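I opened the model to look up strand pairings, helix contacts and a few loop residues, and I kept these entries as I went.

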Amino acid sequence: MTYIGQGLGEAVRLLLQLDPAVLKVAWLTLQVSGLAALISVVLGVPLGCALATRRFRGRGALVSFVNVGMGMPPVVVGLLVSLLLWRYGPLGDWQLLYTPWAMVIAQVLIAAPIVASLSFSAIVSLDERLPLQLLALGASRLQADRLLIKEAKLGLLAAVIAGFGRAVSEVGASMMVGGNLKDETRVLTTATVLEVGKGNYELAISFGLILLVLVYLVVAVLTVLQQAGKRGCS
Amino acid sequence: MMAKAVELAGVRVARGERTVLAVEALAVEQGEMVAVVGPNGAGKSTLLAAIGLLLPVAAGQVRLFGEHDDPLALRRRCALVLQDGLFLTGSVRQNVALPLSLRGLRGAAAARKVGQALELFNLGHLAARPVQRLSGGERQRVNLARALVTDPEILLLDEPFSSLDKSARTHLLQELAAIIRQRGLTAFLVSHHFEEAAWFAERIVMLAEGRIVQQGTLAEVVGQPLNEAVARLVGYDNLLACTLAADKKTVLLGDKLPVAAAALPDGLAADRRICAFGAEAVQIGLLPSSACCALGEGVVKKIVPGIHGAIVQLDCGGVGLKARLSSGTRLDEGAKTPVWLQSGALRWVYGGTKGAE
């Protein structure tokens, strides 16, 4: 059990000393997962909103597809992105495999369906006559969509939290498409896996602890925003 | 010539494969007040949404003020008031200001109009209150203020007060009717309460199964119901098939009860027709107070209490009748009583669609 105590102590020491190697990994993690979460929100929220408010041919199939995407195994996503970005793959010319961009693409494919599905749920949980009422008040389609998104902000922030959480905790696909290259594609999750494999539990614990703190801080900010919105509702 | 406020021509609204509204023609003048009455699922709300250009039509055309080219601009000349008043999160003031901000009107001009709309419905003291903390009556007042803040030319009222008690409903409707008349608005009121609709409107449109079955003034609809559905909606308690007997001098009510044809209003041109009369037209227990024809003896099957006197369900010679029990009269279920019909109150149901659309 002493190694756990030693690990925690080492983690605290690394954090307090602002170890450059650790900070670099943490910063890359924040960049990759933050960007992936942002892209997932930009794609997922409008998609979820459109699925909830529009009626078109194939809508049911698209809803099912998004829901399937929520449960997509990360290794399958990793395999798919690897095949696409592999040197001789359809997107091989872009030379993105084993770069942070490949990790962003993989994390977007994993997080965007979650954001879309939860956004869809957040919008459809509003009164089904609200879109009609907004149009009747003189809203254009775009104005009505904007107001619906504003009205469903509590649920949508939950979708953003879930999307970021899924992206930042992802390890399998990131390992496959990023390669866990030191100073290039090593993020907190892949670094933790690597250090555990090498038996460096102290370092693994410190990476794990930083990951927890990072997730806590981001989610805390989003939760504060969410609760502020909730207070506005009462 | 002034364009009609609303014109529907060959309009069909479908939900999947099912047609939920089919209106061949409906034209409403500017400033006219129309009540839309029909049973549940008749397409009343769909008709209002179609008039307000709020849903796609599968066929036909809706024209407002003679135009149909710019749906958003036309839609913004209308206001729809729904039953529960759906609001966005925020204060009364914010919700009432919303239709103005959607039209790009903000600042002092918007604030002035919001203030006027709130004062119109005595809501000034509630302006800062979150809408979620309003009572049912207050919510409906805010709903109306929000609808009228943009000075709409067409007001669509979809059972706006049905969640309120009768006293509050009547009071708000009177207030609203006065505003509509003062501003010369074209108004449509959907209501389950025929009397309320009849009081409010100059014209009554009767809907059943997505089609207009009759439209006209109160006197036309009540005096000459065109089919059984209309007669039921108008509130006739008794609908009976009548047959002219072979001697041409006797009419068999419910195909069984003989009544002298001369005692009934003219109109039984065919050999068989439906007649309609209210429970008030059937007199029991006492000697008739006005010209009545005797229907024989009836057996009281059931007594249903009511504010305006109990409704008595009778079996009169094998024909089911409903009569209103006058106050002070006592009858028990199973009792036998003489039954008279105030024959002047009987109306013939024309059965066709003549006059409808």
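Entry 1, the pairing of β15 and β16. I looked up β15(B) and strand β16 of chain B, residues 311–316, and found that they pair in the antiparallel sense over 6 bridges. This is a predicted model, which I keep in mind for everything below. For a register point I took B:Gly298, whose bridge partner in β16(B) is B:Cys316. The hairpin formed by the two strands has 6 residues between them, and in it B:Gly309 takes a positive phi near 105°.

Entry 2, the other neighbour of β15. I then followed strand β15 of chain B, residues 293–304, to strand β18 of chain B, residues 336–341, and noted 6 bridges joining the two, which run antiparallel. Here the register can be read from B:Val299, which has B:Lys336 as its bridge partner in β18(B). From β18(B) I went on to β14(B), with which it pairs in the antiparallel sense over 3 bridges, and I noted that B:Gln283 has B:Trp340 of β18(B) as its bridge partner.

Entry 3, the sheet around these strands. Which order do the strands take in the open sheet that holds these pairs? I read it as β14-β18-β15-β16-β17 in chain B, 5 strands with antiparallel pairing. The edge strands are β14 (282–284) and β17 (319–324) of chain B, each of which pairs on one side only. From one strand to the next the twist averages 45°.

Entry 4, a second sheet in chain B. I found another open sheet of 5 strands, in the order β12-β11-β10-β13-β19, and its pairing is antiparallel. At its edges stand β12 (257–260) and β19 (347–349) of chain B, and because each has a single partner strand, one side of each is left without a neighbour in the sheet. The twist in this sheet averages 40° from one strand to the next. Looking at one end of the order, I noted that strand β11 of chain B, residues 250–253, is joined to β12(B) by 4 bridges and that the two run antiparallel; B:Leu253 has B:Leu257 as its bridge partner in β12(B).

Entry 5, two loop residues with positive phi. I stopped at B:Asp255, which is found in the loop between β11 and β12 of chain B, since its phi is positive, about 60°, although it is not a glycine. Most residues other than glycine have a negative phi. Is B:Asp255 buried, partly exposed or exposed? Its relative accessibility is 32%, so B:Asp255 counts as partly exposed. I also looked up B:Asn122, in the loop between α4 (107–120) and α5 of chain B, where phi is again positive in a residue other than glycine, near 55°. B:Asn122 has a relative accessible area of 51% and is therefore exposed, given that the cut-off for exposed is over 50%.

Entry 6, a helix pair in chain B. I compared the axes of α5(B) and helix α6 of chain B, residues 166–183, which come within 12 Å and cross at roughly 10°. The two helices are therefore roughly parallel to each other. On the side of α5(B) the contact is made by B:Gln140, B:Arg141, B:Leu144 and B:Leu148, and the residues of α6(B) that take part include B:His171, B:Leu176 and B:Arg183. By class I noted 5 nonpolar, 2 polar and 3 charged residues in this contact.

Entry 7, a helix pair in chain A. Helix α5 of chain A, residues 100–124, and helix α8 of chain A, residues 153–168, have axes that come within 8 Å and cross at roughly 165°. That angle makes α5(A) roughly antiparallel to α8(A), and the crossing is right-handed. Among the residues that make the contact are A:Ile110, A:Ile114 and A:Leu118 of α5(A) and A:Gly155, A:Ala159 and A:Gly163 of α8(A). The residues of the contact divide into 11 nonpolar, 4 polar and 1 charged.

Entry 8, two buried loop residues. B:Thr150 has its place in the loop between α5 (136–148) and β6 (154–158) of chain B, and at 16% relative accessibility B:Thr150 counts as buried. Not counting residues up to four places away in sequence, B:Thr150 touches B:Pro99, B:Leu100 and B:Arg103. A:Ser140 lies in the loop between α6 (130–136) and α7 (141–151) of chain A, and with a relative accessible area of 19% A:Ser140 is buried. On the same exclusion of sequence neighbours up to four places away, A:Ser140 touches A:Leu135, B:Leu72 and B:Arg76.

Notes. Residues numbered from 1 in each chain as written. Chains lettered and ligands numbered in written order. Predicted model: local features only at pLDDT ≥ 70, side-chain atom pairs only at ≥ 80, totals over all residues. Heavy atoms only, no water. Pairing = 2+ DSSP bridges. Buried < 20%, exposed > 50% of the residue type's maximum accessible area, 1.4 Å probe, protein only. Contact = heavy atoms within 4.5 Å. Axes fitted to C-alpha atoms, helices over the stretch in contact; angles between N-to-C directions. Parallel < 35°, antiparallel > 145°, perpendicular 65-115°, else oblique. Nonpolar A, V, L, I, M, F, W, Y, C, P; charged D, E, K, R; others polar. Left-handed = near helix turned anticlockwise from the far one by under 90°.
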